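Thank you all for making time this morning. I would like to take you through one structure, and I will try to keep to what can be read from the coordinates.

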Amino acid sequence: MKILKIDHLGIAVNSIEEGQRFWQDVLGLNFEGTETVAEQKVTTAFFPVGESEVELLMSTAPDGPVAKYIEKKGAGIQHVAFRVDNIEAALEELKAKGIQLIDQTPRKGAGGAKIAFLHPKATNGVLVELCER
Ligand code: ZN
């Protein structure tokens, strides 16, 4: 498995507008618009930062994973995403190492990326996303 870089930090917000007031208005990051991923019940907004990005995540439904996360832990950093060169190979390698996965196979994320989450139980509490673009 080859980790290429930190692709983005996923941050759970109650509203994208509220998030924009800090990330865009205060820090001056470039807002590149929103995208809704219906199957994840989430609207995302990306703000490039050098080689990486900040990804704001707003739930589109009360039973979505981001809504549940905020209910349990409050708004804030939700996951860290690493870009890999080959996500299928990375998942096979992790399975062989006995790492518990949320996604056994990649699914479609924002921006047409292939993504997969590792279970926080296997990572000392950090929700880790792998992504390939
Ligand atoms: Zn993400």
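I will begin with the metal site, then go through the strands, and finish with the pocket and a few single residues.

Please keep in mind throughout that this is a predicted model. The zinc ion has as its protein donors H8 and H79, each through NE2, and E55 and E129, each through OE, with distances from 2.1 to 2.3 Å. Along the chain these donors follow the spacing H-x46-E-x23-H-x49-E. E55 belongs to strand β4 and E129 to strand β8, which covers residues 128-132, so this pair of donors ties together parts that lie 74 residues apart in sequence.

What is the arrangement of the donor atoms around the zinc ion? The 4 donor atoms subtend angles that run from 84 to 172 degrees, and the arrangement is therefore irregular. For anyone checking the classification, four donors would count as tetrahedral if all angles lay between 85 and 135 degrees. I would add one caution here, which is that water is not among the atoms, so sites may look incomplete.

Are the two glutamate donors, E55 and E129, buried or exposed? Both of them are buried, and for E129, in strand β8, the relative accessible area is 3%. E129 and H79 are 50 residues apart along the chain, while their C-alpha atoms are separated by 6.8 Å.

Let me turn now to the strands, starting from β4, since that is where E55 sits. Strand β1, residues 3-12, pairs with β4 in the parallel sense over 5 bridges, and within β4 the residue that stands opposite A12 is L57. The pairing of β3 with β4 is antiparallel and is made by 8 bridges, and here F47 has V54 in β4 as its bridge partner, while V42 stands opposite S59, also in β4. These two strands, β3 and β4, form a hairpin with 2 residues between them, and in the turn G50 has a positive phi of about 55 degrees.

β3 also pairs with strand β2, residues 34-37, where 4 bridges join the two in an antiparallel sense, and the bridge partner of V37 in β3 is V42. How enclosed is β3 by the rest of the structure? Of its 8 residues 6 are buried, so β3 is largely enclosed by the rest of the structure.

The hairpin of β2 and β3 has 4 residues between the strands, and K41, which is in that loop, deserves a moment of its own. Phi of K41 is near 50 degrees, a positive value in a residue other than glycine, and at 29% relative accessibility K41 counts as partly exposed. A second residue to look at in this respect is N124, in the loop between β7 and β8, which has a positive phi of about 60 degrees although it is not a glycine. N124 is exposed, with a relative accessible area of 80%.

That brings me to the empty space in the model. The largest pocket has a volume of about 680 Å³, and of the 32 residues that line this pocket, the closest to its centre are P65, Q78, H79, F117 and L127. H79, you will recall, is also one of the donors of the zinc ion. Several elements give two or more residues to the lining, among them β3, β4, β5 (76-84) and β7 (114-118). Which element gives the largest share of the lining? That share, 6 residues, comes from α2. By residue class, the lining of the largest pocket divides into 17 nonpolar, 7 polar and 8 charged residues.

One last residue, for those who want to compare separation in sequence with separation in space, is I115. I115 has its place in strand β7 and is buried, with a relative accessible area of 8%. I115 and L9 are 106 residues apart in sequence, and the C-alpha to C-alpha separation between them is 14 Å.

To close, I would leave you with the zinc ion and its irregular arrangement of 4 donor atoms, and with H79, which is both a donor of the zinc ion and one of the residues closest to the centre of the largest pocket.

Conventions. Residues numbered from 1 in each chain as written. Predicted model: local features only at pLDDT ≥ 70, side-chain atom pairs only at ≥ 80, totals over all residues. Heavy atoms only, no water. 1 Å grid on protein atoms, 1.4 Å probe; cavity = no way out; pocket = protein on both sides within 12 Å on 5 of 7 lines; lining within 4 Å. Points joined across faces, edges and corners; volume = space filled by probe spheres on them. Nonpolar A, V, L, I, M, F, W, Y, C, P; charged D, E, K, R; others polar. Donors = N, O, S within 2.8 Å, 3.2 Å for Na, K, Ca; no water. Tetrahedral: all angles 85-135°; square planar, octahedral: opposite > 155°, others 65-115°. Buried < 20%, exposed > 50% of the residue type's maximum accessible area, 1.4 Å probe, protein only. Pairing = 2+ DSSP bridges.
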